[in-house]
Amino acid sequence: MKKAVFLLWIAAVFLMLSGCRVIRIEEAERTPLDYTVVDGGQIPREAAVLIEEKKAAEFQMVYQSGEDMYLIKGYGRQMSGGYSIQVTELSMSSTAVFFETKLIGPSRSSQSGEPSYPYIAVKTKYREEPVQFQ
């Protein structure tokens, strides 16, 4: 009886795992991608609504509009204004697109008492490969 229950349990686990999909991202040679940093007015309306909903916490998202792909990285609520964000890498390999940014804090003179919600949005050509935010 215990053997039958064990075999049923193993079969159930196997069936659940067979529906999972593993995406293998290999460290291969990367090719830089062309991109444009866009401001809030150039972001599609639907993406702007999502940014507004998510801005209080760190977030990352990919938004497709026609043949364009928007990669958006938000850093959540910061205690003051004056932050900037630098794109350190936007490249692709044969298996993925890699997007890396860096939050740069404000200088003492550019700090304000108001909280801010810094994010960056870049537009590039749409790609089918998964995006790896770093």
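Strands E5 and E6 (residues 97-104) run antiparallel and are joined by eight bridges, in what is a predicted model. The two strands make a hairpin, with four residues between them. They also belong to an open sheet of four strands, ordered E1-E5-E6-E8 and mixed in its pairing. Three salt bridges are found in the structure, and they make a good second stop on this short tour.

**The four-stranded sheet**

- At the edges of this sheet lie E1 and E8 (131-133), each of which pairs on one side only.
- Strand E1 (residues 31-32) meets strand E5 (residues 84-92) in the antiparallel sense, through two bridges.
- Here Thr31 sits opposite Met92 of E5.
- Within the E5 and E6 pairing, Glu89 has Glu100 of E6 opposite it.
- On to E8: this strand and E6 are parallel, with three bridges between them.
- Phe98 has Gln132 in E8 as its bridge partner.

**The hairpin of E3 and E4**

- Eight bridges connect strand E3 (residues 58-65) with strand E4 (residues 68-75), and the pairing is antiparallel.
- If you would like a pair to look for, Val62 has Leu71 in E4 as its bridge partner.
- Two residues lie between the strands of this hairpin, and Gly66 adopts a positive phi near 65 degrees.

**Salt bridges**

- Glu89 and Arg30 join their side chains in a salt bridge, at 2.9 Å from N to O.
- This contact links distant parts of the chain, since Glu89 belongs to strand E5 while Arg30 lies in the loop between helix H1 (2-18) and E1, 59 residues apart.
- Arg30 has a relative accessibility of 24%, so this residue counts as partly exposed.
- Lys73 and Glu58 form another salt bridge, with 3.5 Å between the closest N and O atoms.
- The two residues are 15 apart and come from distant parts of the chain, Lys73 from strand E4 and Glu58 from strand E3.
- Is Lys73 buried or exposed? With 11% relative accessibility, Lys73 counts as buried, because the cut-off for that class is under 20%.
- Its partner Glu58 has a relative accessible area of 56% and is therefore exposed.
- Glu52 and Lys55 also form a salt bridge, their closest N and O atoms lying 3.0 Å apart.
- Lys55 is partly exposed, because its relative accessible area is 23%.

Technical notes: Residues are numbered from 1 along each chain as its sequence is written. This is a predicted model: local features need pLDDT of at least 70, side-chain atom pairs count only at pLDDT 80 or more; totals for chains, interfaces and linings use all residues. Side-chain values use heavy atoms; hydrogens and water are left out. Two strands pair if DSSP finds at least two bridges between them. A salt bridge is a side-chain nitrogen of Lys or Arg within 4 Å of a carboxyl oxygen of Asp or Glu. Buried means under 20% relative accessible area, exposed over 50%, partly exposed in between (1.4 Å probe, protein chains only).
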